[in-house]
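Ready for some practice in reading a protein structure? Take a pencil, open the viewer and try each exercise before you look at its solution.

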Amino acid sequence: MQLNYIANENVASASNQTLPVIDPSTGEEFDRLQRSDAADIDAAVRAAQHCLENGWRKLSAVERGRLLYKLSRKVEEHADELALLEQRDCGKPVKQARADALALVRYFEFYAGACDKLHGETIPYQDGYSVFTWREPHGVTGHIVPWNYPMQIFGRSVGGALAAGNVCVVKPSEDACLSLIRVAQLAAEVGFPAGAINLVTGYGHEVGDALARHPGIDHISFTGSPSVGTLIQQVAAERHCPVTLELGGKSPQVIFADADLDAAVPVVINAIVQNAGQTCSAGSRVLIEHGIYESLLDRLGAAFQALQVGPAAMDLDVGPLIRQTQQQRVAQFLADAKAAGIPTVAQGSIVDQAPPTGFYQAPTLLRDVPVDHRLAQEEVFGPVLAAMSFRDEDEAVALANATRFGLVAGVWTQQGARQFRIAKRLQSGQVFINNYGAGGGVELPFGGVKSSGYGREKGFEALYGFTTLKTVAVRHG
Ligand code: NAD
């Protein structure tokens with residue numbers, strides 16, 4: 001039985017209600033979680049406030065950095081254990097789960113080193129004044145985390161918030177809690193004081209909503225779907241609570257005829273099948289210059305056909321989707337595409353060892369997807385790639401920008417001037433030229449424009465979002 005983690009104690013929810021934990025590889029329940037409510041959030045916020053006012057606020061930046069560094073080492077020691085938890089809980093193939101645990105290590109390392117480098121500025125002002133700024137923590141930050149990359153998103157959001165001097169209340173997704181409960185316990189083991197990191201599990205509309213509404217939460221970092229992001233923004237607006245929104249995407253990979261296709265093909269495939277396509281920054285549209293459309297579709301199709309899907313423990317190319325409703329959602333997108341006459345180029349295969357009760361979906365490549373079809377506009381959140389062709393730069397940019405999202409974009413061309421021209425014109429929080437994702441780089445600011453959200457996490461930039469700026473003007477004559 002999994003418990004909440006409040007003030008460095010494992011505690012049951014006040015209501016004593018629980019939820020099932022399902023293994024996506026088998027569809028079977030293997031554990032239970034706390035189904036918490038507003039009373040548990042209130043206890044977590046009080047614990048956080050107590051921590052803040054009884055030592056944490058006075059802790060120096062150097063000491064915070066040392067704690068985070070110790071946590072990074074501890075997580076590294078436990079990387080296999082954490083990866084195994086996430087493998088079972090989220091259906092992640094072994095390699096992916098392990099990469100996520102190591103990314104968590106990197107986030108804590110990065111933010112450990114950043115703590116004592118975050119400072120204000122002096123501002124030249126009138127004679128007789130000294131003016132400067134302090135970067136101060138918000139206080140208690142709330143973190144609402146989705147199920148697709150729990151460890152990575154915890155690392156970037158809680159790591160940044162702690163580095164900036166905040167204390168945290170975390171609400172993981174009801175579908176992905178196990179690794180994060182363990183990380184909160186490990187933090188206590190390395191010396192994080194009671195109340196610095198609190199974790200409360202349960203449904204979003206119950207405990208997530210209670211967190212967003214709690215008057216003791218001074219900043220909300222939300223990562224999840226655009227529709228829930230809207231709700232969070234509305235709730236936060238009632239008390240003018242600052243919010244960072246990391247939402248969805250429909251990210252394009254724009255491939256020109258002069259691109260190095262040997263380099264591009266494996267990256268384009270990985271960008272849509274990694275984590276079974278359940279990635280906010282998945283490269284879910286491939287826009288191909290007319291002259292190479294047919295030949296590149298042949299190559300991509302062959303690569304799709306070779307992809308194997310199966311249980312997480314088999315560590316194949318693709319694992320299961322997170323839950324049955326997600327599987328049904330992806331199947332519905334494919335049924336709609338078929339009904340609209342959109343041709344399928346190729347599909348991967350589900351191995352015989354995959355239990356029929358698991359949530360599997362064969363990776364699918366579709367071509368000639370009309371720009372206004374939902375497959376070209378909405379986040380599928382599954383291993384489904386929509387291909388379209390363009391004739392020139394203007395059309396490529398128009399297609400790339402023709403969704404309500406703007407999270408990540410990839411551009412493949414050898415022409416230097418074109419690389420810059422296109423990067424400037426793309427509506428996107430990140431642009432990658434002749435690569436995609438730069439290996440995840442924890443140092444690289446990340447976030448969206450348009451309906452992909454606002455505010456930035458990752459990198460040093462995140463620390464500005466986790467602080468508020470105070471201007472101090474001293475008149476000394
Ligand atoms: P979701 O919006 O359903 O849930 C996200 C979190 O919000 C969960 O913890 C959930 O319990 C909680 N929640 C749900 N309803 C709530 C409510 N009414 N009030 C408060 N909290 C509530 O998203 P998901 O299905 O878990 O994750 C997939 C989505 O997340 C996709 O849209 C994906 O693109 C997005 N995502 C974005 C990023 C990014 O950095 N931009 C990263 C990962 C995932």
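The exercises below go from whole domains down to single residues, in a model that is predicted.

**Exercise 1. Domains**

Task: Find out which stretches of the chain form domain 1 and domain 2, and how many residues each domain gives to the contact.

Solution:
- Step 1. Domain 1 covers 4–247 + 454–474, while domain 2 covers 252–441.
- Step 2. The C-alpha centres of domain 1 and domain 2 are 30 Å apart.
- Step 3. To the contact between them, domain 1 gives 22 residues and domain 2 gives 30 residues.

**Exercise 2. Two helices that cross**

Task: Describe how helix H9 and helix H10 pack, and say what angle their axes make.

Solution:
- Step 1. Locate the helices: H9 runs over residues 261–273 and H10 over residues 293–305.
- Step 2. Their axes are 10 Å apart, and the packing angle is about 50°. H9 is therefore oblique to H10.
- Step 3. Look at the handedness: H9 and H10 cross in a right-handed way.
- Step 4. List the contact residues. H9 brings Leu261, Asp262, Val265, Val268, Ile269 and Ile272, and H10 brings Leu296, Arg299, Leu300, Ala303 and Phe304.
- Step 5. Sort them by character: in this contact of H9 with H10, nine residues are nonpolar, none is polar and two are charged.

**Exercise 3. Another helix pair**

Task: Repeat the analysis for helix H13 and helix H14, and work out how the residues of their contact divide into nonpolar, polar and charged.

Solution:
- Step 1. H13 spans residues 393–400 and H14 spans residues 416–425.
- Step 2. H13 and H14 pack at an angle of about 35°, and 10 Å lies between their axes.
- Step 3. The crossing of H13 and H14 is right-handed.
- Step 4. On the H13 side, Glu393, Asp394 and Val397 make the contact; on the H14 side, Arg418, Arg421, Ile422 and Arg425 do so.
- Step 5. Sorting the residues of the contact of H13 with H14 gives two nonpolar, no polar and five charged.

**Exercise 4. The buried side of a helix**

Task: Pick out the buried residues of helix H7 and name the elements that these residues pack against.

Solution:
- Step 1. Within H7, residues 204–213, the buried ones are Val207, Gly208, Ala210, Leu211 and Ala212.
- Step 2. Two of the elements that the buried residues of H7 pack against are helices, H1 (38–53) and H8 (226–238).
- Step 3. The buried residues of H7 also pack against strands E7 (140–144), E8 (167–171) and E10 (219–223).

**Exercise 5. Three helix residues and their contacts**

Task: For Val105, Gly301 and Gly65, decide whether each is buried or exposed, then find contacts beyond four places in sequence.

Solution:
- Step 1. Val105 sits in helix H4, residues 94–114. Val105 is buried because its relative accessibility is 4%, and buried means under 20%.
- Step 2. Beyond four places in sequence, Val105 touches Ser72, Arg73, Val75 and Glu76. The C-alpha atom of Glu77, 28 residues away along the chain, is 9.6 Å from that of Val105.
- Step 3. Gly301 belongs to H10. With 5% relative accessibility, Gly301 is buried too.
- Step 4. Gly301 is in contact with Val345, Ala346 and Leu365, if residues up to four places away are not counted. Between Gly301 and Leu365 there are 6.8 Å from C-alpha to C-alpha, although they are 64 residues apart along the chain.
- Step 5. Gly65 is part of helix H2, residues 61–77, and counts as buried at 7% relative accessibility.
- Step 6. Leaving out neighbours within four places, Gly65 touches Ala112 and Cys115. The C-alpha atoms of Gly65 and Phe108 are 9.0 Å apart, with their positions 43 residues apart in the chain numbering.

**Exercise 6. Two asparagines with positive phi**

Task: Place Asn275 and Asn434 in the structure, and say whether each is buried or partly exposed.

Solution:
- Step 1. Phi is near 55° in Asn275 and near 55° in Asn434. Each value is positive, in a residue other than glycine.
- Step 2. Asn275 lies in the loop between H9 and strand E13 (285–289). Its relative accessible area is 10%, so Asn275 is buried.
- Step 3. Asn434 is in the loop that runs between strand E20 (430–433) and strand E21 (453–454). With a relative accessible area of 31%, Asn434 is partly exposed.

Note on methods:
Residues are numbered from 1 along each chain as its sequence is written. This is a predicted model: local features need pLDDT of at least 70, side-chain atom pairs count only at pLDDT 80 or more; totals for chains, interfaces and linings use all residues. Side-chain values use heavy atoms; hydrogens and water are left out. Axes are lines fitted to C-alpha atoms, for helices over the stretch in contact, and angles run from 0 to 180 degrees between N-to-C directions. Helices (H or I, at least four residues) and strands (E, at least two) are DSSP runs, numbered from the N terminus. Angles under 35 degrees count as roughly parallel, over 145 as roughly antiparallel, 65 to 115 as roughly perpendicular and the rest as oblique. A crossing is left-handed if the near helix is turned anticlockwise from the far one by less than a right angle, and right-handed if clockwise. Contact means heavy atoms within 4.5 Å. Ala, Val, Leu, Ile, Met, Phe, Trp, Tyr, Cys and Pro count as nonpolar, Asp, Glu, Lys and Arg as charged, and the others, Gly among them, as polar. Buried means under 20% relative accessible area, exposed over 50%, partly exposed in between (1.4 Å probe, protein chains only). Domain bounds come from an automatic or database domain assignment.
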